[in-house]
Amino acid sequence: MPPFRVLVVCTGNIYRSPLAECLLRHRLLEHRQVIHVSSAGTRAVAGVPTAAAVTSFLAARGLQPCEVGSRRLTEEMVETADLVLGAAREHREAAVRLSPVRALSRAFTFREFARLVRPEDAAGTLDPAARFAALVQGAAARRGAVSTRMGDVDVKDPLGAPPPQVQQCLVQIEEAVERITALVRTGWHPSSSAASRAEPGTWP
C-alpha cells in the first residue's frame with residue numbers, strides 16, 4: 001500500500017501549519033514509513049523559518065521544528081495529498097479551488113476533522129495508513145450531517161497577536177493533533193481515550 005500523505009495548510013507556513021506538521025510527525029513517528037506529513041502556506045514566501053513562538057512551544061515538549069522552511073501551496077501538493085488539513089476554512093477552500101475533484105472530500109480544517117472522526121471509522125483495521133484513509137472517508141460522510149452544530153472550526157492566525165492569544169492558537173492545534181493521531185494509532189493513549197469518545201460537534 002502506498003504511503004498516506006497528509007498536507008497541512010495555513011497562510012504563511014510559519015505558525016499553524018508547521019506546528020501541526022511537526023506534532024503529527026512526532027505522534028506518528030513509528031509510522032513514518034507509511035504516513036508522510038508536509039505543510040505549505042497559501043501566501044507563503046519560500047524559505048522563511050518557523051516562528052519563534054512555535055519553536056519555543058515545541059521545545060517545551062522536547063521537540064524541534066521540521067526546519068524545511070516555508071513553502072507556497074501548489075496544485076501538485078493538493079493533487080498528491082490523501083488528506084488536506086487547513087488551519088481555517090479559507091485554507092480548506094483554497095485547496096478545493098486548486099483541485100476540486102481531488103480535494104472536495106479530502107480537505108478539512110484541523111478542528112473540523114478532529115470533531116468528525118470516530119473510532120468506529122477504522123474499527124478492525126490495523127494498518128495505520130489504511131486507518132487514516134478510513135477516518136477520512138468517515139469524516140467526509142459525516143460532515144454534512146453535523147457541520148451545522150460544530151461551531152467554530154478555525155484556528156485564528158496568531159501573527160501579530162498578543163502572547164496569550166498565540167498560545168491559545170497553538171494549544172488548539174495540539175489538541176486537534178492529539179485526537180486525530182489517537183485514532184490513527186492502533187493503541188490508545190490514556191489521555192486521549194476520553195476525547196476520542198466525544199460526539200461529533202461536542203469536542204472542544
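**View 1. The largest cavity and the residues around it.** Thirteen or so names would crowd a legend, so here are the ones to look for: the largest cavity has a lining of 13 residues, and those nearest its centre are Pro18, Glu21, Thr50, Val68 and Gly69. Keep in mind that this is a predicted model. The space inside the largest cavity comes to about 70 Å³. What sort of residues line the largest cavity, by class? The split is 6 nonpolar, 5 polar and 2 charged. And how many cavities of 30 Å³ or more are there? The count is 1.

**View 2. The largest pocket, with a volume of about 200 Å³.** Start with Met1, Pro2, Pro3 and Phe4, which are among the residues lining the largest pocket. Asp82, Ser105 and Arg106 belong to the lining too, along with Ala133, Val136, Gln137 and Ala140. Which helix gives the most to this lining? That would be helix H7, residues 128–146, with 4 residues. Sorted by class, the pocket lining holds 7 nonpolar residues, plus 2 polar and 2 charged ones.

**View 3. Helix H2 packing with helix H8.** H2 covers residues 52–59 and H8 covers residues 163–184; their axes are 11 Å apart, and the angle between the two helices is about 55°. Because of that angle, H2 counts as oblique to H8. The handedness of the H2 and H8 crossing is right-handed. On the H2 side, look for Ala53, Val54 and Phe57; on the H8 side, they meet Val166, Gln167, Leu170, Val171 and Glu174. By class, this contact brings together 6 nonpolar residues, 1 polar and 1 charged.

**View 4. Helix H1 packing with helix H8.** Now swap H2 for H1, which runs over residues 16–27. H1 and H8 pack at about 35°, and their axes lie 10 Å apart. Is the crossing left-handed or right-handed? H1 passes H8 in a right-handed crossing. From H1 come Arg16, Leu19, Ala20, Leu23, Leu24 and Arg27, and they meet Leu170, Ile173, Glu174, Val177, Glu178 and Thr181 of H8. The class tally for this contact is 7 nonpolar, 1 polar and 4 charged residues.

**View 5. Two H8 residues that turn up in both helix contacts.** Leu170 and Glu174 in H8 are among the residues that H2 meets. Leu170 and Glu174 are also among the H8 residues met by H1.

Note on methods:
Residues numbered from 1 in each chain as written. Predicted model: local features only at pLDDT ≥ 70, side-chain atom pairs only at ≥ 80, totals over all residues. Heavy atoms only, no water. 1 Å grid on protein atoms, 1.4 Å probe; cavity = no way out; pocket = protein on both sides within 12 Å on 5 of 7 lines; lining within 4 Å. Points joined across faces, edges and corners; volume = space filled by probe spheres on them. Nonpolar A, V, L, I, M, F, W, Y, C, P; charged D, E, K, R; others polar. Axes fitted to C-alpha atoms, helices over the stretch in contact; angles between N-to-C directions. Parallel < 35°, antiparallel > 145°, perpendicular 65-115°, else oblique. Left-handed = near helix turned anticlockwise from the far one by under 90°. Contact = heavy atoms within 4.5 Å.
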